[in-house]
Amino acid sequence: KALASRANDEQRPPVRDAADHSAILVLVHLYINRVDWDTPKGTEVDLYLRQQWQDERLKYDVDPRDEIHEITVPDSVEVWVPDTYITSGREREIDSDRTRTIVEPSGHVRSSQQRNVMLQTSTGSSSPFGQQRTFTIRLSSYKYPIEDVVYLWTPGTAVIDVSNELLNGDIQFERASVGDCTGNYTVGTYSCIEMTLTFKTSTSSSIAKFFLPTSLLVIFSWLHMWLHGSWSVP
């Protein structure tokens, strides 16, 4: 109840007294759950957008004996979120809203939101053992300019995780590179970060799709010579 009385989803949290800037820092981490490469409108990416920031208004006291380290915010309580959207693609509505927000006693907020987005894929260099595919996920705030919200990739840890399906499937995750991309619009300047993900077709998949059929074709084309040499034309 105390948390609900202090939550304000319309007003941005205040910065800490000792901060030398006016913006709230939002740390971002991505989890890529699924990638569908073959849709008519592009590549469909299902992901979880994980963000964390500080909201001093949500601090609460706990008894150490209770061993409460965090609380999950119920759906009835609306806390402030940085209104992040993916600018490099077209987001799609999700039937079931899978959003989870956790608040620690210090007022540290962690949020996880499922997102589904259509992106354009570029094809990179290819070799007999695979072909590269890349797409970029670019994030910015729809509502808050750079004076209010600044995005950073989560420091000191991997900024992305992928599902086992993308690590061991026919098209496997290879690497990710991150960067900044300040967005300038007529209404202001917005903080922006981006991540380019590179995937590569697996060696076993390439062999099954290309080398094996080609080898069988050559074998069968010469099979009649091995069975009966007189059938062959000199």
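Eight aromatic pairs are present in the structure, which is a predicted model. In one of them, the ring centres of Trp37 and Phe199 are separated by 5.1 Å and the ring planes meet at 75°, so this pair is classed as edge-to-face; the angle exceeds the cut-off, which is over 60 degrees for that class. The pair connects distant parts of the chain, since Trp37 belongs to strand E1 (residues 24-39) and Phe199 to strand E15 (residues 192-201), 162 residues apart. Trp37 and Phe199 are both buried.

A further pair is formed by Trp53 and Trp80, whose ring centres lie 5.7 Å apart with planes at 85°; this pair is therefore also edge-to-face. Trp53 is located in strand E2 (residues 42-54), whereas Trp80 is found in the loop between strand E3 (71-72) and strand E4 (84-86), so the contact ties together parts that are 27 residues apart in sequence. Both of these residues, Trp53 and Trp80, are buried.

Trp37 also takes part in a wider arrangement, as one aromatic cluster is formed by Trp37, Phe135, Phe173 and Phe199. In addition, Arg133 is positioned over the face of Trp37, at 5.4 Å from the ring centre. Phe135, another member of the cluster, has contacts beyond its neighbours within four places in sequence; among them are Trp37 and Phe199, together with Val35, Val45, Leu119, Met195 and Leu197. Gln120, Thr121 and Thr196 are also in contact with Phe135.

Phe135 is likewise prominent in the largest nonpolar core, which has 40 residues: Val28, Leu30, Ile32, Leu47, Phe135, Ile137 and Leu139 are the members that touch the most others. Two or more residues are given to this core by each of E1, E2, strand E7 (108-119), strand E9 (130-141), strand E10 (149-153), strand E11 (160-162) and E15. The greatest contribution comes from E1, with seven residues.

Strand E1 is also paired with several other strands. Ten bridges connect E1 to E2, and the two strands run antiparallel. Within this pairing, Leu27 has Gln52 of E2 as its bridge partner. E1 and E2 are further joined by a hairpin through two residues. The pairing of E1 with E10 is parallel and consists of five bridges, with Ile24 standing opposite Val149 of E10. E1 also runs parallel to E11, to which it is joined by three bridges; here Leu30 stands opposite Ile160. Leu30 is thus found both in this pairing and among the core members that touch the most others.

Two residues in other strands were also examined. Thr101 is situated in strand E6 (residues 99-103). Its relative accessibility is 11%, so Thr101 counts as buried, the cut-off being under 20%. Beyond residues up to four places away in sequence, Thr101 touches Ile71, Thr72, Val73 and Val79, as well as Val109, Arg110 and Ser111. Gly124, by contrast, lies in strand E8 (residues 122-127) and counts as partly exposed because its relative accessibility is 31%. When residues up to four places away in sequence are set aside, Gly124 touches Gln131 and Gln132. The C-alpha atoms of Gly124 and Thr134 are 7.2 Å apart in space, while the two residues are ten residues apart in sequence.

Definitions and conventions: Residues are numbered from 1 along each chain as its sequence is written. This is a predicted model: local features need pLDDT of at least 70, side-chain atom pairs count only at pLDDT 80 or more; totals for chains, interfaces and linings use all residues. Side-chain values use heavy atoms; hydrogens and water are left out. Helices (H or I, at least four residues) and strands (E, at least two) are DSSP runs, numbered from the N terminus. Buried means under 20% relative accessible area, exposed over 50%, partly exposed in between (1.4 Å probe, protein chains only). Contact means heavy atoms within 4.5 Å. Rings of Phe, Tyr and Trp (its six-membered ring) pair if their centres lie within 6.5 Å; planes under 30 degrees apart count as stacked, over 60 as edge-to-face and the rest as tilted. A charge sits over a ring if NZ of Lys or CZ of Arg is within 6 Å of the ring centre and within 35 degrees of the ring normal. A nonpolar core is a set of buried Ala, Val, Leu, Ile, Met, Phe, Trp, Tyr and Cys residues joined through side-chain atoms within 4.5 Å. Two strands pair if DSSP finds at least two bridges between them.
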